[in-house]
Amino acid sequence: MTRLSTHRLRKSIAMLSAACLLGLTAACSAPSGGANDGPVEIRFAWWGNAGRAELTNKAIAEFEAANPDIKVKPEFGDIGGYFDKLATQVAANDAPDVITMGGAYPAEYANRGALLDLSKVSGQLDLAKLDQGALDNGQVQGKQYGISTGANALAIVVNPAVFAAAGVPLPDDTTWSWEDFAGTAASVTAKSPKGTYGTATVLTHDSLDAFARQRGESLYTQDGQLGLTKETVQDYFDFSLKLSESGAAPNASETVEKLSVSTEQTLMGMGQAGMMLTWSNSLTALSKASGAELKLLKLPGEKPTPGIWLQSSQFYTISARSKHTEAAAKLVNFLVNNQAAAKIIQSDRGVPSNPEMRTAIQDLLTPQGKVEAAYIGEIGKMDFAPTYIGPTGSTAVSEITARINTDVLFKRLTPEKAAEQWISESKAAIGK
């Protein structure tokens, strides 16, 4: 999962807040219905490619077979338009019953009364067997609004075939630095056919977080402030620019073109990249798209201070306006606690947060799925700093990062000016 953003979210959520204040719907702060008096239909929204849709629909069919009085209507699409559509639906009082979210979105929506406090459906949703860390990730101000679909972590996805064709040895991820990463990527590009790059993209918003953590800082503090210095932000933009200028990564134009493409259309998915900084649960989809046996490496620069953390891949949430909260809770419970669902979904949404589900799927995992699970197991043994969910407004910060990074790549801003602008805009976004 990634940490996700949309430039329309603040406007649409503001519309939602206004609706609540005007009393257009009493359901802004409480569920409008719970008990099921007969067959009901609930809507379930998620994002992802066709492979995820196929798996999810199979799980839905199993759920409906076990719960004949509940019909589930799937709503899914590419990540590019998912949160824009969701923001519009929520503002129009037309939110799906079960909503998949990522990053700081649960906090954004929960703080404005759009999500159900899941303690209200404790009779249908059993959280007792989930990892405590996974539960913590879905809490906002001490209340449970999201249920982790599974854990993942940032990683460097590597295509060994591209390295072999270029005659470049795979890096040692126990010792490598960001300088090593840049040098290796540039070498792969130089020794590969035109259109193949050492690294698929320049840096992401998530890697800015890792940059900060490796320096003993953090993107956000526990009290919702920015927790990183201008120097760190400037170094981040400077490094991003150098990757592009050196040819280690695509140029500015190609980078922008690839910002919101499907897995199959990424350079890694097309077999045209040696490395890609992304989330560990992307390995299976990228491997399938590329037709290659991809590997996961730890982030560069993890010594002496690790910047990595375990992230909930995604969250299942329930709309506060749902008229069928109990049915919605039964679906979420099935997805995270039922072996039939676990054996279908496996690690597509991250390594399951329920240990019993992890055991149930272990022998079923593809080779790539086993690599993902092993990677998460390694990361889980590390001693890393705590992670704090972003404050209200923080979903806009990732959009700010991407936009300013684009300006840096096109040389409309120097890294120094970019850092100043990033800090100013980010503080304004979170109201600090």
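**Close-up 1. The walls of the largest cavity are made of nonpolar, polar and charged residues.** Ala, Val, Leu, Ile, Met, Phe, Trp, Tyr, Cys and Pro count as nonpolar, Asp, Glu, Lys and Arg as charged, and the others, Gly among them, as polar. This is a predicted model, in which local features need pLDDT of at least 70 and side-chain atom pairs count only at pLDDT 80 or more, while totals for chains, interfaces and linings use all residues. Residues are numbered from 1 along each chain as its sequence is written, and side-chain values use heavy atoms, leaving out hydrogens and water.

On a 1 Å grid over the protein atoms alone, a cavity is a set of points where a 1.4 Å probe fits but cannot get out; lining residues have an atom within 4 Å of a point. The count comes to 2 cavities of 30 Å³ or more, and the largest cavity has a volume of about 150 Å³ (the space filled by probe spheres set on grid points joined across faces, edges and corners). Its lining holds 17 residues, and Thr149, Leu335, Val336, Gln346 and Pro352 lie nearest the centre. By class, the lining of the largest cavity has 9 nonpolar, 6 polar and 2 charged residues. Helices α12 (325–337) and α13 (339–345) each give at least two residues to this lining (helices are DSSP runs of H or I, at least four residues, and strands runs of E, at least two, numbered from the N terminus). The largest share, 3 residues, comes from α13. Look also for Gln346 in the loop between α13 and α14 (355–361): its phi is near 55°, a positive value in a residue other than glycine.

**Close-up 2. The second largest pocket has a volume of about 650 Å³.** A pocket is an open set of grid points with protein on both sides within 12 Å along at least five of seven lines. In this one, 32 residues form the lining, with Ala107, Tyr388, Ile389, Gly390 and Pro391 nearest the centre. Elements that give two or more residues to the lining are α5 (132–137), β4 (139–140), β10 (218–220), β14 (311–312) and α16. Sorted by class, the lining of the second largest pocket has 12 nonpolar, 17 polar and 3 charged residues.

**Close-up 3. Helix α9 covers residues 230–245.** How far should the 16 residues of helix α9 span? At 1.5 Å a residue (the expected span is 1.5 Å times one less than the number of residues), helix α9 should span 22 Å, and its end C-alpha atoms are 22 Å apart, which agrees. Buried means under 20% relative accessible area, exposed over 50%, and partly exposed in between (1.4 Å probe, protein chains only). Among the buried residues of α9 are Thr232, Val233, Tyr236, Phe237 and Ser240. What covers the buried residues of α9 includes α7 (178–190), α8 (205–214), α10 (252–257), α16 (395–409) and α17 (415–429). After α9 comes Gly247, whose phi is positive, near 85°.

**Close-up 4. Val233 and Ser240 are two residues to find in α9.** Val233 counts as buried because its relative accessibility is 0%. Contact means heavy atoms within 4.5 Å. Leaving aside neighbours within four places in sequence, Val233 is in contact with Leu208, Leu228, Ala419 and Trp422. Val233 and Thr401 are 168 residues apart in sequence and 9.8 Å apart in space, C-alpha to C-alpha. Ser240, also at 0% relative accessibility, counts as buried. With its neighbours within four places in sequence left aside, Ser240 is in contact with Val202, Leu203, Asn405 and Leu409.

**Close-up 5. Trp176, Trp178, Phe181, Phe211, Tyr236, Phe237 and Phe239 form one aromatic cluster.** Rings of Phe, Tyr and Trp (its six-membered ring) pair if their centres lie within 6.5 Å; planes under 30 degrees apart count as stacked, over 60 as edge-to-face and the rest as tilted. By this rule there are 17 aromatic pairs. Trp176 and Phe181 make an edge-to-face pair, 5.8 Å centre to centre with 65° between the planes. Phe211 and Phe239 make a tilted pair, 6.1 Å centre to centre with 45° between the planes. This second pair links distant parts of the chain, with Phe211 in helix α8 and Phe239 in helix α9, 28 residues apart. Both Phe211 and Phe239 are buried.

**Close-up 6. Two loops hold backbone details worth finding.** In the loop between β13 (295–297) and β14 sits Pro304, joined to Lys303 by a cis peptide bond with omega about 10°. Asn93 lies in the loop between α3 (79–91) and β3 (98–101). Phi of Asn93 is near 60°, a positive value in a residue other than glycine. Is Asn93 buried or partly exposed? Asn93 is partly exposed, because its relative accessible area is 41%.
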